Amino acid sequence: MLFMVLGVAGTVLLTTGVNVQATGTNALKSLRGDTPLTEEPHAPTLQDPPKDHAPEARNYLHQPPLIPHTIRDYNITRTHNKCMECHSWQRYREFGATKISMTHFRDRSGTDLASVSPLRYFCTQCHVPQTDVKPLVGNSFRPVEAIKQSVP
């Protein structure tokens, strides 16, 4: 019963826009900033990605390659994948693009398929473009030594 009362009280506080913060030095912060839950926050300004450049080095095993060019206005739908216009096995040479990996042609059970697996069709679920901005949070990640010493 106590948990239900606390849960209802917390919900009331949050939906009424009351700013709930922890006491002491560890104040709770939200990515919403000061925008109450009853209002829609303004979207951050889109950053301009760097111009096309060489592929970035990878930092850990099985890391999906980063996208070294803008993908703004690229559409990936059930019937069309803009990425495949340049990265398919049929056209990668024509555009000087990296061809997609053989792993993208395997289903869940490891069976090789004749076309890109539905599991790998939506490229941006794993591959992301880069932009030069200040990180949202601190990061002390260090690349795996074996990767750091190898050629990308």
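A residue counts as buried when its relative accessible area is under 20%, as exposed when that area is over 50%, and as partly exposed in between. Keep these cut-offs at hand for the exercises below, and remember that the model is predicted.

**Exercise 1. Place Ser88 and decide whether it is buried or exposed.**

Step 1. Start with the location: Ser88 sits in the loop between α2 and α3.

Step 2. Now take its relative accessibility, which is 9%. The limit for a buried residue is under 20%, so Ser88 counts as buried.

Step 3. Finally, look for Ser101. The two serines are 13 residues apart in sequence, and their C-alpha atoms are 9.5 Å apart in space.

**Exercise 2. Describe the secondary structure and the overall surface of the protein chain.**

Step 1. Count the elements: the protein chain has four helices and zero strands. Along the sequence this reads α-α-α-α.

Step 2. Turn to burial. The protein chain has 152 residues, and 13% of them count as buried.

Step 3. Add the surface. The accessible area of the protein chain is about 13,000 Å², with 58% of it belonging to carbon and sulfur atoms.

Step 4. Look at the contacts with a separation of 6 or more: 42% of them join residues 24 or more positions apart.

**Exercise 3. Work out where the predictor is confident and where it is not.**

Step 1. Begin with the whole protein chain, where the mean pLDDT is 79 and 77% of the residues reach 70 or more.

Step 2. Compare the elements. Confidence is lowest in α1, with a mean of 48, and highest in α3, with 95.

Step 3. Zoom in on residues 2-6. Here pLDDT stays under 50, and the model has zero contacts beyond four places in sequence for this stretch.

**Exercise 4. Analyse two of the aromatic pairs: how are the rings arranged, and which parts do they tie together?**

Step 1. The structure holds three aromatic pairs. One of them joins Tyr60 and Phe141, whose ring centres are 6.4 Å apart and whose planes meet at 80°. Planes over 60 degrees apart count as edge-to-face, so this pair is edge-to-face.

Step 2. Locate the partners. Tyr60 belongs to the loop between α1 (2-15) and α2 (84-87), while Phe141 belongs to the loop between α3 (92-95) and α4 (145-149), so the pair ties together parts 81 residues apart in sequence.

Step 3. Check the accessibility of each. Tyr60, at 39%, is partly exposed, and Phe141, at 42%, is partly exposed as well.

Step 4. Move on to Trp89 and Phe105. Their ring centres lie 6.2 Å apart with planes at 85°, so this pair is edge-to-face too.

Step 5. Trp89 is in the loop between α2 and α3 and Phe105 in the loop between α3 and α4, so the pair links parts that are 16 residues apart in sequence. Trp89 is partly exposed at 34% relative accessibility, whereas Phe105 is buried at 12%.

**Exercise 5. Which lysines lie over aromatic rings?**

Step 1. Stay with Trp89 for a moment: Lys99 lies over its face, 4.1 Å from the ring centre.

Step 2. Then go to Tyr74, where the charged end of Lys82 sits over the ring at 5.6 Å from the centre.

**Exercise 6. Explain why Cys83 and Cys123 are in no disulfide.**

Step 1. The structure holds zero disulfides. For Cys83, the nearest cysteine sulfur is that of Cys123, 3.8 Å away. In turn, the nearest one to Cys123 is that of Cys83, at 3.8 Å.

Step 2. Apply the cut-off: a disulfide needs sulfur atoms within 2.5 Å. The distance of 3.8 Å does not meet this limit, so Cys83 is in no disulfide with Cys123.

Step 3. Finish with burial: Cys83 is buried at 12% relative accessibility, and Cys123 is buried with a relative accessible area of 12%.

**Exercise 7. Inspect the backbone at His62 and Asp73: what is phi, and are they buried or exposed?**

Step 1. His62 lies in the loop between α1 and α2. Its phi is near 65°, a positive value in a residue other than glycine.

Step 2. Asp73 is in the loop between α1 and α2, and its phi is positive, about 70°, although Asp73 is not a glycine.

Step 3. Compare both with the limit of over 50% for an exposed residue. His62 is exposed at 80% relative accessibility, and Asp73 is exposed at 71%.

Conventions
Residues are numbered from 1 along each chain as its sequence is written. This is a predicted model: local features need pLDDT of at least 70, side-chain atom pairs count only at pLDDT 80 or more; totals for chains, interfaces and linings use all residues. Side-chain values use heavy atoms; hydrogens and water are left out. Buried means under 20% relative accessible area, exposed over 50%, partly exposed in between (1.4 Å probe, protein chains only). Contact means heavy atoms within 4.5 Å. Accessible areas come from the Shrake-Rupley method with a 1.4 Å probe; for residues, only the protein chains shown count as cover. Rings of Phe, Tyr and Trp (its six-membered ring) pair if their centres lie within 6.5 Å; planes under 30 degrees apart count as stacked, over 60 as edge-to-face and the rest as tilted. A charge sits over a ring if NZ of Lys or CZ of Arg is within 6 Å of the ring centre and within 35 degrees of the ring normal. pLDDT is the predictor's confidence in each residue, from 0 to 100.
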